[in-house]
Amino acid sequence: MHARARSTRSTRSTRGIRATVAALAAAAGVAAFAVPAAAATTAPASAEPRFLEPADLPPHPASSWYGGPVTAGQPDPLPVCVGEALPSIATHRSYGTEFDTSAQQITVVERSERRAEEFAALLRRDLAGCAKKLMQKDPDLTATGKHYGRLNVEEGAHVYGLHTDSAWGSSDINLFSVGRDGTTVTIVRWSQMGTFQHAQVADFKKTTVTAVNRLY
């Protein structure tokens, strides 16, 4: 009788150990499959917008372009025409050559597409009225603006030109573009000494398309 009881207890103990081992194995299996699931839910947010590379800018006949670091905040000094509208959340990168040609890209990520659309419209209005505003501020300055049209890239981009001629003899040509991809607005500026005849409009339009396409 006692032997049969010990045998029964032994059988129950063995079954209990087997059940425990099976439970641990099952738990380990669940844990192993749970790790990737947890990793998937904590995946990093979408990447920050990317910026132009120096080689993407309109080619200079006598110099290569070089680029500075991508920097958070507004550029200092603020760029003409668009600077007053830039929020503190802007990010920018400056470019230069060995001569008098420079460029800049500024990007702003808004909280919604509607805000981005409104911000892009504000920048376009500022660019359209920039020449008149500059001459009102400085009677010794003659400024002329042009709109080179819309580019069909993502949610669209517009290209503008600005020539300024001062009473003391300086003459500068600037090209601007404002483009949008979803909630992100980017501004590209190119400038050098000269007039509208020196503006590399076709090359600048290619640069703008690259800038907007490259954001994401």
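The dialogue below reads selected features of a predicted model.

Visitor: How many helices and strands does the protein have, and in what order do the elements run?

Guide: An overview begins with the elements of secondary structure. The protein has four helices and eight strands. Starting at the N terminus, their order is α-β-β-β-β-α-α-β-β-β-β-α.

Visitor: What share of the residues is buried?

Guide: Of the 216 residues in the protein, 40% are buried. The exposed surface comes to about 12,500 Å², and carbon and sulfur atoms supply 56% of it.

Visitor: Among contacts between residues at least 6 apart in sequence, what percentage join residues at least 24 apart?

Guide: That share is 59% in this protein.

Visitor: Which strands pair with β6, and in what sense?

Guide: Pairing is read from the bridges between two strands. Strand β5 (residues 141-151) pairs with β6 in the antiparallel sense, over 10 bridges. On β6 and strand β7 (residues 171-181), which also run antiparallel, there are nine bridges. As for cover, nine of the 10 residues of β6 (residues 157-166) are buried.

Visitor: Which residues stand opposite one another in these pairs?

Guide: Between β5 and β6, His147 stands opposite Tyr160, and Leu151 stands opposite Ala157. Ala157 also stands opposite Gly179 in β7.

Visitor: How many residues lie between the strands of each hairpin, and which residues there have a positive phi?

Guide: A hairpin is read from its two strands and the residues between them. The hairpin of β5 and β6 has five residues between the strands, and Glu154 takes a positive phi near 50 degrees. In the hairpin of β6 and β7 there are four residues between the strands, and Gly169 in the turn has a positive phi of about 110 degrees.

Visitor: Which strands does β4 pair with?

Guide: β4 pairs with β3 in the antiparallel sense over six bridges. It is joined to strand β8 (residues 184-193) by eight bridges, and these two strands run antiparallel. Tyr95 is the residue opposite Ala103 in β4, while Gln105 has Val188 in β8 as its bridge partner. A hairpin of five residues connects β3 to β4. Strand β4 (residues 102-109) is mostly covered, with six of its eight residues buried.

Visitor: Where is Gly83 found, and is Gly83 buried or exposed?

Guide: A single residue is read first by its element and then by its accessible area. Gly83 is in the loop between β2 (71-72) and β3 (91-96). Because its relative accessible area is 2%, and buried means under 20%, Gly83 counts as buried. A distance adds to this reading: the C-alpha atoms of Gly83 and Ile106 are separated by 10.0 Å, the two residues being 23 apart along the chain.

Visitor: How is empty space found, and how much lies in the largest pocket?

Guide: Rolling a probe the size of a water molecule over the atoms shows where empty space is left. The largest pocket holds about 230 Å³ of space. It is lined by 14 residues, and those closest to its centre are Cys81, Glu84, Cys130, Lys133 and Lys137.

Visitor: Which helices supply the lining, and what classes of residue does it have?

Guide: α2 (113-128) and α3 (130-137) each supply at least two residues of the lining. The largest share, four residues, comes from α3. By class, the lining of the largest pocket has seven nonpolar, five charged and two polar residues.

Notes
Residues are numbered from 1 along each chain as its sequence is written. This is a predicted model: local features need pLDDT of at least 70, side-chain atom pairs count only at pLDDT 80 or more; totals for chains, interfaces and linings use all residues. Side-chain values use heavy atoms; hydrogens and water are left out. Buried means under 20% relative accessible area, exposed over 50%, partly exposed in between (1.4 Å probe, protein chains only). Two strands pair if DSSP finds at least two bridges between them. Contact means heavy atoms within 4.5 Å. Accessible areas come from the Shrake-Rupley method with a 1.4 Å probe; for residues, only the protein chains shown count as cover. On a 1 Å grid over the protein atoms alone, a cavity is a set of points where a 1.4 Å probe fits but cannot get out, and a pocket is an open set with protein on both sides within 12 Å along at least five of seven lines; lining residues have an atom within 4 Å of a point. Grid points are joined across faces, edges and corners, and a volume is the space filled by probe spheres set on the points. Ala, Val, Leu, Ile, Met, Phe, Trp, Tyr, Cys and Pro count as nonpolar, Asp, Glu, Lys and Arg as charged, and the others, Gly among them, as polar.
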